[in-house]
Amino acid sequence: MYENQKERTRTMERTIKIFDTTLRDGEQSPGCSMNLNEKIEVARELEALRVDIIEAGFAAASPGDAAAVAAIADIVHDSTICSLARCVEKDIDAAYNAIHHAKDARIHVFLATSPVHMEYKLKMTPDEVIASIAHNVAYAKKHCSNIEFSAEDACRSDLDFLCRAFEAAIKAGATTLNIPDTVGYMTPDEYAARIRYLREHTQGIENVVLSCHMHNDLGMAVANSLAGVQAGVDQIECTINGIGERAGNASLEECVMALDTRRDHYGVACNIETTQIYRASRMIQTITGVPVAPTKPIIGANAFAHEAGIHQHGVMANKETYEIMTPESVGIPKNAIVLGKHSGRHAFEDRLRELGYSLDQAKLDKVFAKFKVLADKKKVIKDRDLEALIGVVPVSGEERYTLDRFVINSGNSITATAVIRVKKGDETFERVAASDGPVNAAYRAINKIVDKDVVLEDYSLKSMTDGEDAQAEAIVKIVIDGGEMVTGRGVSTDVIEASIKAYINGINKYFID
Ligand code: KIV
Ligand code: ZN
């Protein structure tokens, strides 16, 4: 009976488009900025995840943002590539210039419609806002047929005014209308009611795709997105790990797995390759240095762990006692001990493939070389070790400085001193520094070598695997010469070495940015 019901629902189901804004709304949030190579790596992963639309950035924000959007438009072929633009011609031009090479391109124009935004931020009257939407959406339409219009702060906007704004956008050629909860204020029933009202009172709305874009200030971004789907929304805007402004955006993995696991309830499908979810999540944690809580649904370390004896017993008898979805369905690798120092290149490559990685030859060579060094230090190499190695292999051109050797002298009754030697091309530099701790002494010595004003904003150290020979992962957030914050990451079985590598990695990223 239950299965029949499921089948009946499936024959009628809609396909919900997944619009990923990790590279725009996610990237613009504090501590999540990425360099060009990292954005390209993320875009490739989003394509493997089969997201329908990748919002690759905000081209008018800076030449660097425009270059990143353009590079992504060149290399991604299976997803639509979108750039954000304010309701002004120069932003729309910048967006179009960046995306026009894409196989399938979209311009995303936005303007605020709530009283508080119109009066205090835009300093525009409601009529001026409507005129600007009509003019700029039509301007964008001259360049590109696929136009999304977002009414920023739609959920605190007057509903009848919102209908007017959307009618203007539809008449000017918008093909998708986004109803964002910019400040994360909505409850699910309110949001659904808002969507229904708009559908009933906006002329021409039946000819466009409706989209939701929810922020998580009250922890309801995912619930609100799902309520939107039930009320007729056909596109969800979301980010990997839910990164984004303030408390973040709706998390892609939660929205997708809710639709997938409760397909019987929602009666909709989406195109996401769910087995790539774990990889995408790890990639964003690695690149941004922003970890997810162990209890985070779907991808947190405890999401599929069963601690209580009674639960373990149940799961051993039948997984369905306590599991509503399988770890495999989101691509979580089985925790197997896989490789050791006698493992050859074949076994190594096979395991990477099983874990869902498809690295190019140059990167494979580098990871394999690192694997061999690690295998000399550790008896067994686990999947988490491999993931850690992949996460720290630099993209070509990224290694200006490399650590050659270090000597640390430290104790509880002496001043710590560090001697650091690094290589830059054929040159070698060595400096000594002292401080009250070994890591700080090492960082001071590196500062002398690079001759930059480096401010350490954040530092964290954690164990990647278990056991005495576990690998440590150090993450630093640094600001160099007052520029943008960069994230550096280092991995080693030695915590001091991991810390030094993380710092040098951050400095290298500064130089290629
Ligand atoms: O939260 C928001 O309103 C936005 C818009 C630009 C879509 O990010
Ligand atoms: Zn947003």
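## A walk from the ligand pocket outwards

Let's start at ligand 1, where an oxygen atom sits 3.1 Å from an N or O atom in the side chain of histidine 213. With the protein around it, ligand 1 has 95% of its 260 Å² of accessible area covered, taking that area as what the ligand has on its own. Keep in mind as you look around that this is a predicted model.

Histidine 213 has company. Aspartate 25 also has a side-chain N or O atom 3.1 Å from an oxygen atom of ligand 1. Arginine 24 joins in too, with a polar side-chain atom 2.9 Å from an oxygen atom of the ligand.

Which residues make up the whole group around ligand 1? They are Arg24, Asp25, His108, Phe110, Ser150, Glu152, Asn178, Pro180, Thr182, His213 and His215. Sort them by class and you get six polar, three charged and two nonpolar residues. You can also ask which elements each supply at least two residues of this shell. Helix α2 does, and so do the strands β4 (105–112), β5 (147–152) and β6 (176–181).

Some of those names come back when you turn to the zinc ion, which is ligand 2. Asp25 coordinates the zinc ion through OD, while His213 and His215 each use NE2, at 2.0 to 2.1 Å. Along the chain, these donors follow the spacing D-x187-H-x1-H. Aspartate 25 is in helix α2 (residues 22–26) and histidine 215 is in the loop between β7 (209–214) and α10 (221–230), so this pair ties together parts that lie 190 residues apart in sequence.

Are these two zinc donors buried or exposed? Aspartate 25 counts as buried because its relative accessibility is 3%, under the 20% cut-off. Histidine 215 has 5% relative accessibility, so histidine 215 counts as buried as well.

Now follow the chain on from histidine 215 into helix α10. This helix is mostly covered, with eight of its ten residues buried. Those buried residues are Ala221, Val222, Asn224, Ser225, Leu226, Ala227, Gly228 and Val229. After α10 comes glycine 232, and its phi is positive, near 120 degrees.

Step back along the chain and you find threonine 202 in the loop between α9 (188–201) and β7. Its relative accessible area is 4%, so threonine 202 is buried. What does threonine 202 touch, if you don't count residues up to four places away in sequence? Its contacts are Cys163, Phe166, Glu167 and Ile170.

Strand β4, one of the elements that help to line the ligand 1 shell, is also home to leucine 111. Leucine 111 has 8% relative accessibility and therefore counts as buried. Its contacts, leaving aside neighbours within four places in sequence, are Cys87, Leu122, Val129, Ser132, Ile133, Phe149, Ser150, Ala151 and Glu152. Two of the names there, Ser150 and Glu152, also appear among the residues around ligand 1. Take Ile133 from the list as well: leucine 111 and isoleucine 133 are 22 residues apart in sequence, with their C-alpha atoms 7.3 Å apart in space.

For a contrast, look at glutamate 497, which is in helix α19 (residues 495–512). Glutamate 497 and glutamate 13 are 484 residues apart in sequence, and their C-alpha atoms are 53 Å apart in space. Is glutamate 497 buried or exposed? With 17% relative accessibility, glutamate 497 counts as buried, because the cut-off is under 20%. Glutamate 497 touches Lys377, Leu403, Phe406 and Ser492, again not counting residues up to four places away in sequence.

Finally, check out two backbone oddities. Isoleucine 298 is not a glycine, yet it has a positive phi of about 70 degrees. You'll find isoleucine 298 in the loop between α13 (277–288) and α14 (309–317). Aspartate 451 isn't a glycine either, and its phi is positive too, at about 55 degrees. Aspartate 451 sits in the loop between α18 (438–450) and β15 (454–463). What about their surroundings? Isoleucine 298 counts as buried at 6% relative accessibility, whereas aspartate 451 counts as exposed at 66%.

Technical notes:
Residues numbered from 1 in each chain as written. Chains lettered and ligands numbered in written order. Predicted model: local features only at pLDDT ≥ 70, side-chain atom pairs only at ≥ 80, totals over all residues. Heavy atoms only, no water. Donors = N, O, S within 2.8 Å, 3.2 Å for Na, K, Ca; no water. Helix = DSSP H or I, 4+ residues; strand = E, 2+ residues; numbered from the N terminus. Buried < 20%, exposed > 50% of the residue type's maximum accessible area, 1.4 Å probe, protein only. Near = heavy atom within 4 Å. Polar contact = N/O pair within 3.5 Å; in protein donor to acceptor, adjacent residues only side chain to side chain. Areas by Shrake-Rupley, 256 points an atom, 1.4 Å probe, with all protein chains shown as cover. Nonpolar A, V, L, I, M, F, W, Y, C, P; charged D, E, K, R; others polar. Contact = heavy atoms within 4.5 Å.
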